[in-house]
Amino acid sequence: MARNPRYDVLFEPVRIGPVTAPNRFYQVPHASGMTNALPHVRARFRAVKAEGGWGVVCTGAASIHPSSDDSPLPFASLWDDDDVRAHALMTEAVHAHGALAGIELWHGGACTLNRSSRLPPLSPSGMPWLSTHLGFMGNLKPRRMDAADIRELIDWQRAAARRARAAGFDIVYVYAGMGYLPYEFLLPEYNRRTDAYGGSIENRVRLVRELLEATREAVGERCAVALRISLEELRVRPGRNAESEAHEVVALLSDATDLWDVKMDSSPTDCAPSRFTAEGSHEPVIEFVKKLTTKPVVGVGRFTSPDAMASQVRRGVLDLVGGARPSIADPFLPRKIDEGREHEIRECIGCNVCISSWHDGVPVRCTQNPTAGEEWRRDWHPEHVARTADESAVLIVGGGPAGLECALTLARRGYAVTLAEAQAEFGGRLRFESRLPGLATWRRVIDWRLGRLRELDNVTLLPGNALDPQDVLAAGHAHVVIATGARWTRLGYAANEFPGEEITGARVYTPDDVAAGVVPEGPVLVFDFDNYYLGGAIAEALAATVGEVSYATTAGSASAWTFMTNEQPLVHRALARAGVSIHTLVRVARFDGEAATLADVFTGAERTLPCRSLVVVGVREPRDALYRALEERGAEVAAAGISSLLRAGDVLAPGAIVHAVYGGHRAARELRAGALPDAPYRRDFPA
Ligand code: ADP
Ligand code: SF4
């Protein structure tokens with residue numbers, strides 16, 4: 001198909017200093033959990049994006065010196081020649097597809113706690129960085145840099161920039177964002193210096209300017225020099241000579257860089273979750289930059305719509321459309337627009353599971369793109385899957401995220417696929433969950449898969465078909481995949497943190513009841529020890545319909561695990577706005593239909609909370625009756641011609657949507673592929 005001329009503007013080349021980006025699609029540096037110990041995993045992960053049409057592909061932040069050590073979070077380094085070899089794998093792979101390769105040279109300053117290197121962290125004035133995530137805080141405070149330290153830092157940047165050039169990078173960054181060292185120099189609360197690097201805004205930008213100069217000196221005319229800078233905080237500070245300090249910084253450094261890469265200051269605003277923040281949320285902060293510089297500007301905003309992208313360019317907000325999450329969810333986003341297939345873009349849902357992988361210290365995972373991080377380890381390509389020689393029929397039972405993904409991938413392999421779903425609508429748990437406050441974007445998981453399935457002629461979709469064992473035996477498919485999901489239980493939480501007994505009695509509900517349309521009688525207590533999004537989202541939804549709602553959790557905060565996805569502070573804000581009262585570090589010891597007895601998880605001290613209904617969001621169990629019945633009837637299954645009977649998704653192990661999609665994909669990839677169940681993946685080795 002031909003490209004829509006409306007999007008031609010996105011395919012114009014853009015000059016960045018001495019190099020030229022072939023189009024405006026710019027994959028900005030983003031964490032991927034791929035350290036120098038995973039050089040092949042990293043090279044393939046980035047190369048696939050270049051193959052998918054991103055004109056510039058950057059690697060994640062690379063530490064310039066052991067005094068910038070983020071462990072246990074995974075980080076890359078560019079400290080010596082071994083590191084050069086590790087990164088060169090990535091630049092070669094990216095160049096092979098005609099894209100430019102960029103590297104964000106990084107010093108974390110007081111933000112990094114140097115847990116591995118054990119060097120005292122560096123800072124402008126000895127101020128510890130406000131750690132966003134309690135779990136990553138340490139007890140070592142940074143030391144104040146003296147003039148010799150500043151000279152050394154600039155030398156480290158220069159040396160790292162030379163290595164970056166040697167590794168084949170085309171764009172080399174100075175990174176003054178997100179709490180890291182050069183950024184700390186920009187803010188007077190962290191920079192209390194009285195020398196030439198502190199005080200006036202001219203003095204506070206001096207370090208950034210000198211880092212840019214040292215970088216340019218090192219890379220010469222071979223590479224472009226880029227500045228990545230966080231502008232949110234500076235933008236709200238009135239300037240002496242301009243509207244804000246952000247305006248002053250951009251004006252002062254306007255020509256010192258070949259490219260402005262502009263962003264927010266903290267992960268929750270920079271990488272904002274869709275539950276609380278819409279696409280394009282950076283614009284009000286960064287829209288002024290292009291007015292103050294002649295250099296190209298790149299920025300992000302979870303852009304997945306080509307119209308939104310083209311509009312940013314046409315309105316003079318951005319020259320290059322930055323993508324991190326959209327490029328993870330669909331590495332082929334630019335190619336699809338170029339080929340007039342924009343409806344095929346697998347749009348990021350803004351769930352931030354990818355961020356949680358970084359917090360977990362593992363290679364990136366993505367809810368929408370199960371191949372992310374597996375390009376080299378398992379040789380999974382996001383667009384291609386090995387065709388099967390065996391065109392036999394496959395029956396998939398259950399059309400939730402796992403079943404839909406499994407069906408689509410099997411159909412692409414060439415199997416004749418039948419997907420049966422008990423309900424009239426496909427989508428499984430997302431049918432309900434995507435109707436909860438803020439979660440509509442998550443429906444993309446269903447819509448994208450159903451859209452693609454409907455385009456294929458080797459797929460039969462059977463909504464409204466609840467299958468029993470006899471139906472499966474009679475259907476006569478060669479392969480059967482059971483993806484029937486999981487159900488929520490009424491199990492409670494015992495005093496010793498062990499699984500509790502079932503909470504029984506009138507008006508004790510689970511999310512499945514609420515999903516089925518039960519409207520609990522108020523006041524309602526939501527008791528959450530699942531601790532991801534659902535308990536908080538149900539409390540918020542019920543507050544709008546039922547009225548008085550309380551939320552109790554065994555954890556120290558509401559939806560505690562969502563600190564991994566940048567959502568947690570926003571969950572608290574949403575619950576407060578909805579008038580939901582929050583009770584933390586308690587379990588429900590008893591409920592008699594009139595009141596719940598809450599027991600402190602540490603002391604056991606009890607208190608009573610009047611409520612007429614209790615919604616328990618705790619433990620799920622597989623909905624596996626169908627699978628078990630078939631397993632028990634092994635001889636009949638064989639006689640029916642069924643040669644493989646698999647489970648995928650929550651029916652195997654209840655998890656988040658990311659796990660279900662991945663499980664469905666893996667089952668489809670490995671069906672008859674000769675891979676043993678749980679075969680080891682390819683393990684990487686240092687370059
Ligand atoms: P997952 O996240 O693993 O995909 P879900 O719970 O989201 O699991 O989806 C499972 C789907 O399976 C639900 O839509 C449910 O209606 C469907 N289902 C469960 N049992 C049957 C059955 N016997 N026949 C057809 N569909 C079923
Ligand atoms: Fe987007 Fe979620 Fe994938 Fe991250 S994990 S790229 S937020 S869909």
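Where along the chain does P72 lie? In this predicted model, P72 is part of the loop that runs between strand 4 (56–63) and strand 5 (76–77). The residue also has a backbone feature worth a look: the peptide bond leading from S71 to P72 is cis, and its omega angle is near 15°.

A second cis bond appears further along. Here the bond runs from G522 to P523, with omega near -5°. P523, too, is a loop residue, placed between helix 20 (511–515) and strand 22 (524–528). Readers who enjoy exploring the backbone may then turn to R118, which is not a glycine and yet has a positive phi of about 60°. The loop that holds R118 connects strand 6 (100–106) with strand 7 (122–123).

From loops, the tour moves on to helices. Two packed helices are described by the angle between their axes and by the distance between those axes. Helix 1, made of residues 39–51, packs against helix 2, made of residues 81–95, at an angle of about 20°. The axes of this pair are 8 Å apart. Angles under 35 degrees count as roughly parallel, and helix 1 is therefore roughly parallel to helix 2. The crossing of helix 1 past helix 2 is right-handed.

Another pair can be described in the same terms. Helix 16 (residues 401–413) and helix 25 (residues 657–670) pack with their axes 7 Å apart, at an angle of about 30°. Because of that angle, helix 16 is roughly parallel to helix 25. Where helix 16 passes helix 25, the crossing is again right-handed.

What kind of site holds ligand 2? Ligand 2 sits in the second largest cavity of the model. Around ligand 2 there are 13 residues, and those that come nearest are C348, C351, N352, C354 and C366. Two helices, helix 13 (325–329) and helix 15 (353–360), are the elements that give two or more residues to this shell. How many residues of each class does the shell around ligand 2 have? Sorted by class, the shell has 7 nonpolar residues, 4 polar ones and 2 charged ones.

How values were computed: Residues numbered from 1 in each chain as written. Chains lettered and ligands numbered in written order. Predicted model: local features only at pLDDT ≥ 70, side-chain atom pairs only at ≥ 80, totals over all residues. Heavy atoms only, no water. Near = heavy atom within 4 Å. 1 Å grid on protein atoms, 1.4 Å probe; cavity = no way out; pocket = protein on both sides within 12 Å on 5 of 7 lines; lining within 4 Å. Sits in = over half its atoms within 2 Å of the grid points. Helix = DSSP H or I, 4+ residues; strand = E, 2+ residues; numbered from the N terminus. Nonpolar A, V, L, I, M, F, W, Y, C, P; charged D, E, K, R; others polar. Axes fitted to C-alpha atoms, helices over the stretch in contact; angles between N-to-C directions. Parallel < 35°, antiparallel > 145°, perpendicular 65-115°, else oblique. Left-handed = near helix turned anticlockwise from the far one by under 90°.
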